[in-house]
Every structure is written in structure tokens, then in C-alpha cells.
Amino acid sequence: MRRGAAQLLAAGGAGRRVRSAARPAHGAAPAQGGPRARPDLVLFKDDAGQWGLLDRDCPHRGADLAFGRHEGDGVRCPFHGWKFDATGRCLETPAEPTGSKLCDRVRQRSYPVLEKSGVLFAWLGEEGKAPPFPAGFDCFAAPSTHTFAFKGLWHCNWLQAFEVGIDPAHPSFLHRFLQDEALDSIGENAAGKQFRSASAGDFGGEKWPMTRIMREFHQPEISFEARPRGLRLQALRPMTDDLTHVRVTSAIFPQTFVIPLSETLTITQIHLPVDDTHTYWYSIFTSFAGPVDKEAMRNQRLQFISLPDYVPNSGRHNNWGFNADEQRSQTYLGMGEEDINVHDQWAVESMGAIRDRTREHRARATRSSWPTVGCC
Ligand code: FES
Ligand SMILES: [Fe+2]
């Protein structure tokens, strides 16, 4: 995050749906390039480290506080100099006569913000009614040294993104690498070379990368059970008569899933609707082994997106970076050798921003999406 005035972030108001619960706050000030979410909130961090998320229109005459001056203890509207702290309290109305009490009668609506594992969550619902933060997520219980968060913008409906993520069959194809790398050569690219680290367990005394298991055992037996807040999906891949690979995906409705990437790493992914055809995904990597190298992971991710709106460099405009030579020799899809996020991006965007599900054919291997599309 940039300092000074640019430290202000306009958290894109994402419409009624996002206003009803604690969701990641997103956006950049002022939005450039990406889709224009309703620009109704401004986010900043004061010098004491407190986040302030305020209504974006100045309560004086409505000028845009996302262009305000960051003055350490608050944000000052450049129109007539009114200043507000992180709680929305009015600190100064400098054009008013000395001794004016106007400030005491003015308050900008502020929204509580929680920082969890590198992601900001805001309660945009009724004032004073913020519920407790949801419990039970490893990614939020883990020490910050063991998590890494990032995000990206996809041009699709949020439900499409959710369904692709929980689909247990697709790693065998969409994320297939035609050759395996030595397990110790993944290096610092754990964020891009997902699935190429070792699975739990061993096969004949040998550790296998997850991608090899997915590739060689590509007909998973999929089952799911309803849980209080979603589904637990189980994908069984029998490897021998007495050895079965078990992969469990947790789907937490309406927009979150947790998937295992390797023996020691999971991803929790949250899909935040910007509007009907744009979605921000938030991924939180959680290490169950040692600390993660946040800087290396962040640098890896920054190669593939453009700030400030986290727009992927690949997309429909450049065929998502498709390369026929790569498809012949390296990846099943022909893109994403260094960044498998582009695999999922292609899957969710290439079908169209809002896919007409009535034209599809059900199949056993993709039954995980049936309940979410409401057709069974
Ligand atoms: S509109 Fe903001 S101080 Fe006047
Ligand atoms: Fe995927």
C-alpha cells in the first residue's frame, strides 16, 4: 500500500448483496482500469495503525473523500478542509468561525474493519450489529507467519468461480502438467506451482507430487455430504487394491471453499461479487508446516497482475496466453506453466461471464456443482 494521500483506498461498494455481511473490503483509490464498483466507501489506515472505512461522500457537500488528504490522524476533505478520524468523528471544520461547535454535530458513518491473515473484512450491515467473526477457519486461526493472501479480478459471475473451485475432477485435467518436476525444485513458487508439491502419504515408499496423482488417477469417485454451512466433498482415487488417495474439499456457502494443494498447504478461496459479471477471488494459503515466504509469494503473484485493481495480465483479450507449443509439451491447457491461477481463470471466463446452465449435460464427475445450481 502506498503512503500519504495515496494510502486512501476506496473500498468498492459492491451492491446490496455485499452490504449484508462481513466480506473482504476491496478496491483501490480511485478505481482505474477495472470495472467501476459503486464508489461509496473510502478506506484508510491512520498512523496509529487503525483502519478507517467511511462513507465516501463528505458529509459537508458530498465531495469524494477518496481524494482526501491523509494527515496521519485522519482524512481531510480537500473541498473545505473538514477532517475525519478512523471512527468517522469530525475533527475540524476549519472554514467555520473560531469556537464553532459544528464539528460536534457531524459524524461520518464508519464501518468496523477487521484485518485477518492479510485480508480486511468489513461489516457493512446495520450499525452496531456486527456479528462475531466466523470461527473454524484454519487460515484465520494460523499465525500470520504461516499464511499468505492475494487476490485477483475475474470477468465472470461469482457463482461460476465458486463452482469451478469446488469441482474435484478438474485438477486431473485443467491443472495437468505433462511432466513432473523434482519435488525439491518448486522453490519459492508455491503460489504459482500449486499441486506440484508432494501429496500426503507415499506410494511404494516414494512421495508423489499431487499433480502426478491427479494425472494418473483421473476418475475420482466423488461423494458429498451436507454440512451445517455447506458441503463436504470427497474425491477418492483408488491407486492400488489397498491404497486410495483421499482429497477433501470444504465448500462454505455461499462463496468460500477450502482445498488441499499438497501435504502441507491449503488454499481458502473467497469469491466476492463486484457485480453480476465481475468477481474478486481472495486466496489465503495456509501452511501446516513451516512459515511461508510472504515476500517471495507476493513477488511471484505480482508478475501476473496489474495493480491497483489486481487485473490479470492474461485474459480473453490475449487468449489467456494460450501457447500451442506449451499445450503439446508442458501443460494440458497450453497456458499457466508458471501460474496455475490462469487455468481456473480460463475455465470461469471462457464459458462466458454468466453461463447458460440449461445447455449443459450432467456428468458424474462434475456432480459437485449440481446442488449449487439448484437442479437436483
Ligand atoms: S465538501 Fe467536504 S469539506 Fe466541504
Ligand atoms: Fe482449479
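Tutor: Let's start with a term: a residue is buried if 20 or more other C-beta atoms lie within 10 Å of its own, exposed if 12 or fewer, and partly exposed in between, with C-beta atoms placed from the backbone. This is a predicted model, in which local features need pLDDT of at least 70 and side-chain atom pairs count only at pLDDT 80 or more, while totals for chains, interfaces and linings use all residues. Residues are numbered from 1 along each chain as its sequence is written, and chains are lettered from A and ligands numbered from 1 in the order in which they are written.

Student: What makes Tyr310 buried?

Tutor: Tyr310 has 22 other C-beta atoms within 10 Å. The definition asks for 20 or more, so Tyr310 is called buried. Its phi is positive, about 60 degrees, although Tyr310 is not a glycine.

Student: How do you know that Trp320 is buried?

Tutor: Again, 22 other C-beta atoms lie within 10 Å of Trp320, so Trp320 meets the cut-off too. Trp320 has a positive phi near 55 degrees, and it is a residue other than glycine. You will find Trp320 in the loop between strand 18 and helix 5 (324-329).

Student: How many helices and strands does the chain have?

Tutor: There are 7 helices and 18 strands. Both are DSSP runs, numbered from the N terminus: helices are H or I with at least four residues, strands are E with at least two. Of the 376 residues in the chain, 38% are buried.

Student: Why is helix 6 called mostly covered?

Tutor: Helix 6 spans residues 341-350, and 9 of its 10 residues are buried. Among them are Asn341, His343, Trp346 and Glu349. The buried residues of helix 6 pack against strand 10 (147-154), helix 2 (158-166) and strand 18 (311-312). After helix 6 comes Gly352, with a positive phi near 100 degrees.

Student: How do you know that strand 11 and strand 12 pair?

Tutor: Two strands pair if DSSP finds at least two bridges between them. Strand 11 (residues 221-227) and strand 12 (residues 230-240) are joined by 7 bridges and run antiparallel, so they count as a pair. One of the links is between Phe224 and its bridge partner Leu233 in strand 12. The two strands form a hairpin with 2 residues between them.

Student: What joins strand 12 to strand 13?

Tutor: These antiparallel strands share 10 bridges, and a hairpin connects them through 2 residues. In strand 13, Ala251 is the bridge partner of Leu231.

Student: Which strands stand at the edges of the sheet 4-5-6-7?

Tutor: That open sheet has 4 strands with antiparallel pairing. Strand 4 (69-70) and strand 7 (90-92) stand at its edges, because each has a single partner strand, leaving one side of each without a neighbour in the sheet. Strand 6 (residues 83-84) pairs with strand 7 over 2 bridges, and Phe84 has Cys90 as its bridge partner in strand 7.

Student: Where are the cis peptide bonds at Pro254 and Pro308?

Tutor: The bond from Phe253 to Pro254 is cis, with omega near 5 degrees, and Pro254 sits in the loop between strand 13 (243-252) and strand 14 (256-260). Leu307 and Pro308 are joined by a cis bond with omega about 5 degrees. Pro308 lies in the loop between strand 17 (305-306) and strand 18, and Tyr310 is found in the loop between strand 17 and strand 18.

Technical notes. Two residues are in contact if their C-beta atoms, placed from the backbone, lie within 7 Å.
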